[in-house]
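User: Hi! I'm new to protein structures and would like to learn how to read one. Could you take me through this one, feature by feature?

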Amino acid sequence: MIYAVFGADSYQIREEVESLQEAARRAGVPPLVLEAKSLSSEQLRDHLSSGSLFAARALLVIRNLFSEGSADLKEVANMLLEQVPEGVTVVLWEEGPLDQRTKLYRLLAKKARLIEKRPLHSGALRQWIQNRALELGLR
């Protein structure tokens with residue numbers, strides 16, 4: 001399974017990714033968070049393939065692949081994400097928009113669950129604040 005969590009609201013993006021990570025932890029799957037700016041294509045290949053060889057399940061979170069990943073990393077990611085191993089979940093965490101002109105985006109549009117987080121305004125923001133206060137036990 002592939003998730004792409006992106007958009008202009010970095011707070012909501014972080015909450016969504018943390019929710020996915022927490023769900024994985026509850027299922028006994030420790031998440032691995034990788035920063036695209038310091039990730040090589042070989043490391044990505046190793047992480048994706050080792051998830052299926054040494055563990056029944058894995059959660060791989062890759063931050064800012066579109067904005068900070070090298071061209072080589074994006075090309076390799078495009079190939080590897082074509083067939084994610086069984087039991088491996090990949091979360092692409094992008095603070096900002098996804099470049100819709102790329103092959104990687106077109107692949108994600110077909111194979112991933114795209115979750116866009118936009119800033120909340122007026123009524124939606126008010127409702128979110130009320131819900132959050134209830135979650136925290138505030139009145």
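Analyst: Here's a walk through the fold, the sheet, the biggest pocket and two residues. Keep in mind that this is a predicted model.

User: Where do I start? How many helices and strands are there in the protein?

Analyst: Begin by counting the elements and reading off their order. The protein has six helices and five strands. Starting at the N terminus, you meet them as β-α-β-α-β-α-α-β-α-β-α. For overall dimensions, the C-alpha trace spans about 50 × 35 × 25 Å along its principal axes. And of the 139 residues, 37% count as buried.

User: Okay, now the strands. In what order do they sit in the sheet?

Analyst: Order in the sheet is a separate thing to read from numbering along the chain. Here the five strands make an open sheet, S2-S3-S4-S1-S5, with parallel pairing. Strands S2 (31-35) and S5 (113-117) are at the edges with a single partner strand each, so one side of each has no neighbour in the sheet. From one strand to the next, the twist averages 15°.

User: How many bridges join the strands, say S2 to S3?

Analyst: Take the pairs one by one. S2 and S3 run parallel and are joined by five bridges; for example, Leu 32 has Leu 60 in S3 as its bridge partner. Next, S3 pairs with S4 in the parallel sense over six bridges, and there Leu 59 has Thr 89 of S4 as its partner. On the other side of the order, four bridges link S1 (residues 2-7) to S5, again running parallel. In that pairing, Phe 6 is partnered by Glu 116 in S5.

User: And which strands does helix H1 touch?

Analyst: For a helix on a sheet, look at which strands it contacts and at what angle it lies. H1 (residues 10-26) packs on the sheet and touches S1, S2, S3, S4 and S5, with its direction at about 165° to that of S4. Helix H5 (residues 103-111) also packs on the sheet, touching S1, S4 and S5, and its direction makes about 105° with that of S5.

User: Is S3 enclosed or open to the outside?

Analyst: Check how many of its residues are buried. In S3 that's five of the six, so the strand is largely enclosed by the rest of the structure.

User: What about pockets? How do people find empty space?

Analyst: You roll a probe the size of a water molecule over the atoms, and that shows where empty space is left. In this model the largest pocket has a volume of about 200 Å³. Its lining includes Tyr 3, Leu 20, Arg 57, Ala 58 and Thr 89. H1 and S3 are the elements that give two or more residues to that lining, and H1 gives the most, with three. By type, the lining has eight nonpolar residues, two polar and one charged.

User: Ala 58 is in that list. Is Ala 58 buried or exposed?

Analyst: Compare its relative accessibility with the cut-off: under 20% means buried. Ala 58 has 18%, so it counts as buried. Ala 58 belongs to strand S3.

User: Last one: what is the phi of Asn 64?

Analyst: Phi is a backbone angle, and its sign is worth checking. For Asn 64 phi is near 55°, a positive value in a residue other than glycine. Asn 64 sits in the loop between S3 and helix H3 (65-68). With 6% relative accessibility, Asn 64 counts as buried.

How values were computed. Residues numbered from 1 in each chain as written. Predicted model: local features only at pLDDT ≥ 70, side-chain atom pairs only at ≥ 80, totals over all residues. Heavy atoms only, no water. Pairing = 2+ DSSP bridges. Axes fitted to C-alpha atoms, helices over the stretch in contact; angles between N-to-C directions. Contact = heavy atoms within 4.5 Å. Buried < 20%, exposed > 50% of the residue type's maximum accessible area, 1.4 Å probe, protein only. 1 Å grid on protein atoms, 1.4 Å probe; cavity = no way out; pocket = protein on both sides within 12 Å on 5 of 7 lines; lining within 4 Å. Points joined across faces, edges and corners; volume = space filled by probe spheres on them. Nonpolar A, V, L, I, M, F, W, Y, C, P; charged D, E, K, R; others polar.
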